[in-house]
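Here are some notes to read alongside the structure. Take the points one at a time, and keep the 3D view open as you go.

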Amino acid sequence: MIISPKALARAKAEKLKKGYTAFVETETVAHFLKKEIEKQNLRVVVDRTPHGCWFTPLEREE
C-alpha cells in the first residue's frame, strides 16, 4: 500500500492540533508537515534525531 506524504503530513498536523506529539521518519513528510504547520499557524518544537523528527506542540497562550 502506498501512502501519500502530503496525506500523512495532514494527518500528523491534525494530531498536533489536538495536542499530541507527532513523529515523522522521512525528510519529505517533515517538509510537508512544516508547510501544514505554517498554514495552520501551529506552534511546535522540532527535535531532529538521526532516525527522524519529533514535532511537539506548544500550548497556546490565551
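1. Let us begin with one residue, Trp-54. Its relative accessible area is 39%, so Trp-54 is partly exposed. Please keep in mind throughout that this is a predicted model.

2. What does Trp-54 pair with? The structure holds 1 aromatic pair, and Trp-54 forms it with Phe-23. The ring centres are 4.7 Å apart and the planes meet at 45 degrees, which makes the pair tilted. A tilted pair is one whose planes are neither under 30 degrees apart, as in stacked rings, nor over 60, as in edge-to-face rings.

3. Now look at where the two partners sit. Phe-23 belongs to strand β1 and Trp-54 to strand β3, so the pair links parts of the chain that are distant, 31 residues apart. Like Trp-54, which is partly exposed, Phe-23 counts as partly exposed, with a relative accessibility of 23%.

4. Those strands are part of an open sheet. It is made of 3 strands in the order β1-β3-β2, and the pairing is antiparallel. At the edges are β1 (22-24) and β2 (44-49), each of which pairs on one side only. On average, neighbouring strands of the sheet are turned by 20 degrees against each other, direction ignored. As a general reminder, strands of a sheet pair through backbone hydrogen bonds, in either a parallel or an antiparallel way.

5. Next, follow the pairing of β2 with β3. Strand β3 covers residues 52-57, and 6 bridges join β2 to it, with the two running antiparallel. One place to look is Arg-48, which stands opposite Cys-53 in β3.

6. Is Cys-53 buried or exposed? Its relative accessibility is 5%, so Cys-53 counts as buried, because the cut-off for buried is under 20%. Leaving aside neighbours within four places in sequence, Cys-53 is in contact with Ala-22, Phe-23, Val-24, Ala-30, Val-46, Asp-47 and Arg-48. The C-alpha atoms of Cys-53 and Glu-27 are separated by 8.3 Å, although these residues are 26 apart along the chain.

7. The helices come next. Helix α1 (residues 5-17) lies across β1, β2 and β3, and it runs at about 155 degrees to β1. Helix α2 (residues 27-39) packs on the sheet too, touching β1, β2 and β3, and its direction makes about 20 degrees with that of β3.

8. Do have a look at Asn-41 as well. This residue is found in the loop between α2 and β2. Its phi is positive, about 55 degrees, although Asn-41 is not a glycine. With 62% relative accessibility, Asn-41 counts as exposed.

9. Finally, step back to the whole chain. In all, its secondary structure comes to 2 helices and 3 strands, which follow the pattern α-β-α-β-β along the sequence. The radius of gyration is 11 Å, close to the 11 Å that the globule rule gives for 62 residues, so the chain is as compact as a globular protein of that length. The C-alpha trace spans about 40 × 25 × 15 Å along its principal axes.

10. A few totals round off the picture. Buried residues make up 26% of the 62 residues. The accessible surface comes to about 4800 Å², with 53% of it belonging to carbon and sulfur atoms. Among contacts between residues at least 6 apart in sequence, 43% join residues at least 24 apart.

Definitions and conventions: Residues numbered from 1 in each chain as written. Predicted model: local features only at pLDDT ≥ 70, side-chain atom pairs only at ≥ 80, totals over all residues. Heavy atoms only, no water. Pairing = 2+ DSSP bridges. Helix = DSSP H or I, 4+ residues; strand = E, 2+ residues; numbered from the N terminus. Axes fitted to C-alpha atoms, helices over the stretch in contact; angles between N-to-C directions. Contact = heavy atoms within 4.5 Å. Rg over C-alpha atoms; globule rule 2.2 N^0.38 Å. Buried < 20%, exposed > 50% of the residue type's maximum accessible area, 1.4 Å probe, protein only. Areas by Shrake-Rupley, 256 points an atom, 1.4 Å probe, with all protein chains shown as cover. Phe/Tyr/Trp six-rings, centres within 6.5 Å; stacked < 30°, edge-to-face > 60°.
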